[in-house]
Amino acid sequence: MSISRPSRLITRYAAVLFTIISIVSPAIAQGDDVVAKAVVELVGASNEVRAVEKAADKASTREDRAALTDRLSAARATATKSDDVLDAQMALVDAKITEIGPVAPGIVDAPDIAAQRKLLAQRRNTIDSAIRRGKLLIVEAQQLADRIAADQAAELGRSWVTRNASPLTPGFWAAMIDAVPHDVARFGRFLEQIIQELRYGLAKGHWWIAVVSAIVALALGWPGRIALRETGRRYAIGAAPGHRVRRSGYAMWRLITGTALPTLAATALVQGLRWSGLTAATAEPILSAFVFAVGMGAFIGALGAALLMRSQGSWRLLPIGDDVARALLPWAWVLAILTSVDIFLSAAIETIRLSSVAVTDADAALAAIRLLAIGGLLFTLGRLRTQARIADDARPEDQKTANTGTGAGRASVGIVTLLAWLVTLAGVGALLAGYTNFSLFLTRIVIEWLAIVVGTFYLLLTVVDDVVTTVFSAESRPGHVLARGVGIRPGAIDQFGVLLSGVMRLGLAIVAVVMLLTPFGSGVDSTVERFGAVANGITIGDVSISPGVIFRALAVLLVGLTLARLFLRWLNDRYLPTTTMDISGRNSFALIARYITIILAVLWGIASLGIGMERIALMLSALSVGIGFGLQAITQNFVSGLILLAERPVKIGDLVRIGTEEGDVKRISVRSTEIELADHSTLIVPNSELITKSVLNKTMANALGRLQIQFSVPISIEPDRIRRIVLDIFAAEPAILDNPAAVAFIDNIADGRILFNCFAHTSSARTAYPARSAALIAILQRLAEEHIDVGTVPQQLQILPIDADAKKPFDQ
């Protein structure tokens, strides 16, 4: 790896930083050692990066490169921390320089002011130089880490394309036979050394410790694990809240107990061997690998048992049937055993120092066994899918479903199975062709590691979603506390639970991606740093946009909206009731105040992003062009709504008629107005319709209601008699006003009948219709008592004969 240029740059930076220390030291003689300490830390980080660069050329294993990457991460963290400290000191120096002010032309500063100005300028230049060097050091360290990661990825790729002798060729078996005597001799010597250490430990007389530890390990691994599992199940049935939390919590409990107890048992057994003196340093790698292998195997087996729940279908998290669970669970334990054997065998071969041929043969054997196991699992899935399809075909046509209830016949399972078959066949081909490492990679990483990570995070995602949505639910105890004590709406509590669950699950998904990338040469630290680089955001002009800044802006917006809501509650509940405004005026004032406070909260949130008001004004002016063209109708309704709220030609409670529809105004917003019709339906009218078109407002300015009654009587009846009857009835009706007085007019005389047209007024247009109905009923009753025929002007149709000799109008 060629990295001579970063080496020269880092050496140069270190020299510059030492120079900065010599400059800063006299400048901080008054006890301010913050800058000097930060610069010293930068020098240490620079030296560390330089040491890592030298060691990178000699790193040959993944562990060595991972250690170097960790050192670079620590150096970058130190440099970043020092830069933050220096930025804060720079801000203090700039504040002092601003306080002193610039040198005025023609005015000579006092000696102490001039000296202080000079000292501040010197300190500012020193700090600025250190900040620049620190940022460059961070960049160079990141470049070095990227190159180490690239080397690791290249080494991994080279191992994939390394070709050994194919198992189908005689050379493979000949090499294995030739290496057998040498490897057997090595194994014999190692076994001899283990036996000697065992005899030496037995001679000490502490063998009983190993026996006790074995008994403890057996108790933990078998009855203890089962007892804890049953205890968790009884608690989940009797005390766990809700079915979802009970189900996912019990699955998580099974995973924890199924992993922890066997791991503790293996640890107790190994620790007992150590305390009894039956082992020595020779076997330490194997013992440590044994504990890790047992823990990893127990984790995989417990994960499969927690997800499948072979004997408890109602507790199962996966949407599969009992037959599928029973068929898949043995394969989960096969995977667990293969993983444990792989870990332990790799450590044993490395500790015994067997030949490279033995390593290759062991890898080929593990790859072959894994391929057989994966093939058996895929055959099992294929058989289950076939059975599900046959069962579905046997059902009546109206009961057939595209997806069977067992889950084995799902299309997604078919796609996954097909991809797994392709990977398995590729692994078989690579193994037979001699690419043992690539075949082992396909089986160990692409299939097994992917299945483990996906299964683990599926369980975690389910647990997080169940727990969070149950705790933050309107029906839960915390939900009742929030609803009654804080006054939060039940729907808002449910929404918060769903949002919090989504955020936490997103974080788990990111962790899952990190875990999936780890075997591909991208360590956890490097992957996290890449996510951290994304989290640092992008810079557009003078504005830096990052997830943290966005969350801060959302928090500020939330605070602003909360303050606006509190202000509006005070306005509606406390202040407006003390004014002389009517209900409609209060609504208009509160609505305008609401939109003003919301706009102010939004502007506050945007300003928290670092965007100045002048940029906001420029952005709004640019958007106004698009709004004018693309949102013209919405803008028109918005402006019309403001006009309605300001001029109030139509108020809440007014009785209006628009076209053929008539009803009461119930709500006025900035976009539309809601009118409740007589049949209790709601008519939503855009505000522009109320401004640009004719609207009949029957109750504007407390207008009176008027009723009109028309009828006819025979011409033989005295008109004054009819007039007195009508006016008496109007006077007797309570809803009809005395002032203006009711009147009765003779409108016309036609066809031997007198047509009367009568008018009266009520206090409101809403009471005119009921008053008219009551007056009509009274008039009809009174005229019937007087034996007066009442009706309307009769319509007559007269048919006239036409002369046959007359010229027809259309016979031209």
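Here is a short dialogue on reading some features of this predicted model.

Student: Let's start with helix H5. How far apart are its end C-alpha atoms, and what span should we expect?

Tutor: A helix rises by a fixed amount per residue, so you can work out a span and compare. H5 covers residues 170-204, which is 35 residues, and at 1.5 Å a residue it should span 51 Å. Its end C-alpha atoms are 51 Å apart, which agrees.

Student: Where does H5 bend?

Tutor: Look at Val-180, where H5 bends by about 40 degrees. A proline, Pro-181, follows within four residues.

Student: Which residues of H5 are buried, and what covers them?

Tutor: Here is the general idea to start with. An α-helix has 3.6 residues a turn, so residues three or four places apart point the same way. In H5, the buried ones are Phe-172, Ala-179, Asp-183, Phe-190, Glu-197 and Gly-201. Their cover includes helix H8 (284-308), helix H9 (322-352) and helix H10 (356-394).

Student: What follows H5?

Tutor: That would be Gly-205, with a positive phi near 90 degrees.

Student: Which residues make the nonpolar surface patch?

Tutor: Leu-198, Leu-202, Trp-207, Trp-208, Val-211, Val-212, Ile-215 and Val-216 make a patch of about 740 Å². H5 and helix H6 (207-238) each supply at least two of the patch residues, and H6 gives the largest share, six residues.

Student: Take Trp-207 from that patch. How is its exposure classed?

Tutor: Partly exposed means between 20% and 50% relative accessible area. Trp-207, found in helix H6, has 44% relative accessibility, so it counts as partly exposed.

Student: What does Arg-71 touch away from its sequence neighbours?

Tutor: Leaving out residues up to four places away in sequence, Arg-71 touches Glu-48, Ala-51 and Val-52. Arg-71 sits in helix H3 (residues 62-100). Between Arg-71 and Val-49 there are 7.9 Å in space, C-alpha to C-alpha, though they are 22 residues apart in sequence.

Student: Now some backbone details. Which peptide bond is cis, with omega near 0 degrees?

Tutor: Try the one from Asn-739 to Pro-740. Pro-740 lies in the loop between helix H21 (719-732) and strand S9 (743-750).

Student: And Met-309: what is its phi, and is the residue buried or exposed?

Tutor: Met-309 has a positive phi of about 45 degrees although it isn't a glycine. You'll find Met-309 in the loop between H8 and H9, and with a relative accessible area of 1%, Met-309 is buried.

Student: Where does Asp-751 lie, and what is its phi?

Tutor: Asp-751 is in the loop between S9 and strand S10 (753-762). Its phi is positive too, near 55 degrees, and Asp-751 is not a glycine. Asp-751 has a relative accessible area of 49%, so it is partly exposed.

Definitions and conventions:
Residues are numbered from 1 along each chain as its sequence is written. This is a predicted model: local features need pLDDT of at least 70, side-chain atom pairs count only at pLDDT 80 or more; totals for chains, interfaces and linings use all residues. Side-chain values use heavy atoms; hydrogens and water are left out. The expected span of a helix is 1.5 Å times one less than its number of residues. The bend at a residue is the angle between axes fitted to the seven residues ending there and the seven starting there. Buried means under 20% relative accessible area, exposed over 50%, partly exposed in between (1.4 Å probe, protein chains only). Contact means heavy atoms within 4.5 Å. Patches are made of residues with over 30% relative accessible area and no salt bridge: like charges are joined within 9 Å, nonpolar side chains (Val, Leu, Ile, Met, Phe, Trp, Tyr) within 5 Å. Accessible areas come from the Shrake-Rupley method with a 1.4 Å probe; for residues, only the protein chains shown count as cover. A salt bridge is a side-chain nitrogen of Lys or Arg within 4 Å of a carboxyl oxygen of Asp or Glu.
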